[in-house]
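Dear colleague,

Please find the structure below. My notes on the ligand site and on one helix pair follow.

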Amino acid sequence: MKNDVIIACDFGSAKEAFEFLDLFAREERKPFLKIGMELYYAEGPEMVRELKRRGHRIFLDLKLHDIPNTVRRTMQVLSRLDVDMTNVHAAGTIDMMRAAREGLTRPDGTRPLLIAVTQLTSTSQERMQRELLVDASIDEAIAHYARNAREAGLDGVVCSPLEASLVKAACGPEFLAVTPGIRFADAATDDQVRITTPARAREIGSDFIVVGRPITAAADPLAAWRRCLNEFCPETLKNA
Ligand code: C5P
């Protein structure tokens, strides 16, 4: 299950998302997809059910951050969608993350992977200190949030690929590093700050890379996805 490219389906409607996914229709191996707030709020749970029916694995990226009781009850609802991975903000505290895990666990004891956002990859250390009044360095903040997530029983964190080795050092090799902030060596960075290439992300220890615009806005999205797989997890292509 580890080492895969997750395409961020950041579209505003099911129509746009399906038009994009039609490009992958002939692929035997269905891409792992991330559904974030934009598409989920536009189309709701039926979108998730439809993509599961089509054979995609789904990371439902809703980044919950609320009081523990609300997060527990919301995760109970989301657990019925049969997604493969979902997440919360580690800033919501250990209690909130424990509540999320409890809520997500189905009556038979199974549950999707649950990971926590440490610091968004668009946040620089300067902004974190000046605007959020977090006095620590960004590395200290991330390692600390990751340890909190592990203490709450979560499976890993979302972080920049540049922080994957830091997370592994703090929480152990099995603790997952799911990393957005991926750009090809020859491409624009957009609004992302702490970024690297798919190949380098693998070297530093990412377990999954989350790639949005480098694939969704590419002239040839299928080729861009294959380029990501080829750089990040060539072994999966051999099995395809
Ligand atoms: O287009 P791009 O590759 O920058 O998309 C990255 C995706 O990963 C977006 O959907 C964004 O919401 C998400 N993400 C992120 N940083 C985090 C957590 C999620 O960029 N820390």
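Ligand site

The ligand is surrounded by 16 residues (a residue counts if one of its heavy atoms lies within 4 Å of the ligand), and the closest are Asp10, Lys34, Thr121, Arg183 and Arg213. This is a predicted model, in which local features need pLDDT of at least 70 and side-chain atom pairs count only at pLDDT 80 or more, while totals for chains, interfaces and linings use all residues. Residues are numbered from 1 along each chain as its sequence is written, and side-chain values use heavy atoms, with hydrogens and water left out.

Oxygen atoms of the ligand have polar contacts (pairs of N or O atoms within 3.5 Å) as follows:

- Asp10: a polar side-chain atom at 2.7 Å.
- Arg183: a polar side-chain atom at 2.8 Å.
- Arg213: a backbone N or O atom at 2.7 Å.

The protein buries 88% of the 470 Å² that the ligand exposes when taken alone (Shrake-Rupley areas, 1.4 Å probe). Strand E8 (208-211) and helix H10 (213-216) are the elements that give two or more residues to the shell (DSSP runs of at least four residues for helices and at least two for strands, numbered from the N terminus).

Helix pair

Helix H5 (residues 94-104) and helix H7 (residues 138-151) have axes that come within 9 Å and cross at roughly 45° (axes are lines fitted to C-alpha atoms over the stretch in contact, with angles from 0 to 180 degrees between N-to-C directions). H5 and H7 are therefore oblique to each other (neither under 35, over 145, nor 65 to 115 degrees).

Regards

Technical notes. Polar contact = N/O pair within 3.5 Å; in protein donor to acceptor, adjacent residues only side chain to side chain.
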